[in-house]
Structure formats: structure tokens, C-alpha cells
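Visitor: I'm new to looking at protein structures. Could you pick one part of this one and walk me through it up close?

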Amino acid sequence: MLTRRLLQLFIGLAMYGISLAMFIRAGLGLDPWDVFHQGVAGRTGLSIGVVVIIVSFLVLLLWIPLRQWPGFGTLCNAILVGVFADIGLALIPAFSHLGGQAGMLAGAVILNGIASACYIGARFGPGARDGLMTGLARRTGWSVRVSRTLIEVVVLGVGWLLGGSVGVGTVVYALAIGPLVQLLLPWFMVPAALPAKDADDDVPDSAVSVPVTRGA
């Protein structure tokens, strides 16, 4: 089971980085955090992959007052998504016509949904940004929805002011990614280990519930 989990984690993070590159090449707008990453990259001259990595570790510093602890997957997420985003940008061409852009956007959303389900289902810990959201909700008593909305509105606004790309892709991502991950996650969720005393129980697989969550 560990081999499957590691493969899911690494493949999911690689696909997530490639999907980010596809969103950029589509040129129709990015999700809120990547609007921010693109804006910072444009102002600093750094590649967007390097910015993703730097921002990930800065966000992890915000986990400290929230008493949030990173998992193995959290650290892998912080590094590999940025690495594969730059690889994707080096390999994927930009499209200048609307049909190609729309197709690239649709492919990016689908790949991002599969990638999210893969790495969440591997159960190695949330990404830095999702951990910030859940940690803030736990410490403040706010709902996860309120915490997520507040964080993403802030980063979207700052990213837009810095020159990040906001457009129809931003809206499509916001509307589609949650339902898509919820649909796909049961296919990729690695079952949690049963306590030793229950290991020999004759419990049918259908009786084990599968938690559904959303990651980025």
C-alpha cells in the first residue's frame, strides 16, 4: 500500500504542476493562488515554478502560530508542483486562437482535478495553502468555506494588482474543481489502516466510508 501511496503522491503532484502550466498557456485566467504566483513572477523576474516553491515555504511559516504540522506530502507538494510547472511551461506551447485556448483550459481543469484527487487520496498531508485554510478555520472557529474564501479573495486581489491573469478560466476553475475532485476522489482514496483489533473483522468494503475533501 505504501508503494501505491507514494506513486499517487508523486504522479499527482507532477500532474498538478503540468496543469498549472496548461492554465498559463491557455491564457484565459488562473485560479486565485496562481494569479498571485504569476503576478509575483512578473514583478520579480523569477520563473513561476520558483515563485510557487518560495511562496509554499513562506505559507508554511504561517502554520507555526496555527500549530499546524506539515506531513511528507506537504513538503513534496511545496517543491514538486513548482518544478513540474516550469517543466510544463518549457514543453507546452501557447495558443493564439480561442479554440486552442478553450481546449487547453478544459484539459487543465480535468488534469488538475485528477491530480488533486491523486495526492489527496495518497493521505500524506495537505498542501501548504490548504493547510493554511484548515488551520485558520480550526484556530478561529470560522468555517472552512469562510477561511478559504477570505484567503483566496486576498491572494486574488493582490495577484491581480501585481499583474496576474484573471479571466474566464478563474471562474471556470472556481466552479468546476470542487465537484470534479469530489467525483474523482473515491477512485483514488487509499483506505485508512484499520486498528489491529479490527484487522480480522469481516467488514465488507462497502461499509467503509470514504471522506471527500478538496485540495490544491
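Guide: Let's zoom in on one helix and its surroundings, then take a quick tour of a few other spots. Keep in mind that this is a predicted model.

Start with helix 3, which covers residues 48-62. Ile53 sits in this helix, and Ile53 counts as partly exposed because its relative accessibility is 22%, while buried would mean under 20%. What does Ile53 touch, once you set aside its neighbours within four places in sequence? Its contacts are Ala78, Ile79, Gly82 and Val83. Those four belong to the stretch 72-91, which is helix 4. As for His37, it is 16 residues from Ile53 in sequence, and their C-alpha atoms are 9.7 Å apart.

Val50 is another resident of helix 3. With 33% relative accessibility, Val50 is partly exposed too. Val50 also belongs to a nonpolar patch on the surface, together with Leu46, Ile54, Leu58, Leu61 and Ile64. Added up, the patch has about 530 Å² of accessible area. Here's a handy bit of background: an α-helix has 3.6 residues a turn, so residues three or four places apart point the same way.

Now step back to helix 2, residues 32-44. Its 13 residues should span 18 Å at 1.5 Å a residue, and the end C-alpha atoms are 19 Å apart, so the two agree. Plenty of helix 2 is tucked away: Pro32, Trp33, Asp34, Val35, Phe36, His37, Gly39, Val40 and Ala41 are buried. What covers them? The cover includes helix 3, along with helix 1, helix 6 and helix 7. Just after helix 2 comes Gly45, with a positive phi of about 85°.

On the subject of phi, most residues other than glycine have a negative value. Arg67 has a positive one, near 55°. You'll find Arg67 in the loop between helix 3 and helix 4, where it counts as exposed at 60% relative accessibility. Arg123 also has a positive phi, about 60°, without being a glycine. Arg123 lies in the loop between helix 5 and helix 6, and it is partly exposed at 33%.

One last stop is the cysteines. Cys76 is buried, with a relative accessible area of 11%, and Cys118 is buried at 5%. How many disulfides does the structure hold? Zero.

Definitions and conventions
Residues are numbered from 1 along each chain as its sequence is written. This is a predicted model: local features need pLDDT of at least 70, side-chain atom pairs count only at pLDDT 80 or more; totals for chains, interfaces and linings use all residues. Side-chain values use heavy atoms; hydrogens and water are left out. Helices (H or I, at least four residues) and strands (E, at least two) are DSSP runs, numbered from the N terminus. Buried means under 20% relative accessible area, exposed over 50%, partly exposed in between (1.4 Å probe, protein chains only). Contact means heavy atoms within 4.5 Å. The expected span of a helix is 1.5 Å times one less than its number of residues. A disulfide is a pair of cysteine sulfur atoms within 2.5 Å. Patches are made of residues with over 30% relative accessible area and no salt bridge: like charges are joined within 9 Å, nonpolar side chains (Val, Leu, Ile, Met, Phe, Trp, Tyr) within 5 Å. Accessible areas come from the Shrake-Rupley method with a 1.4 Å probe; for residues, only the protein chains shown count as cover. A salt bridge is a side-chain nitrogen of Lys or Arg within 4 Å of a carboxyl oxygen of Asp or Glu.
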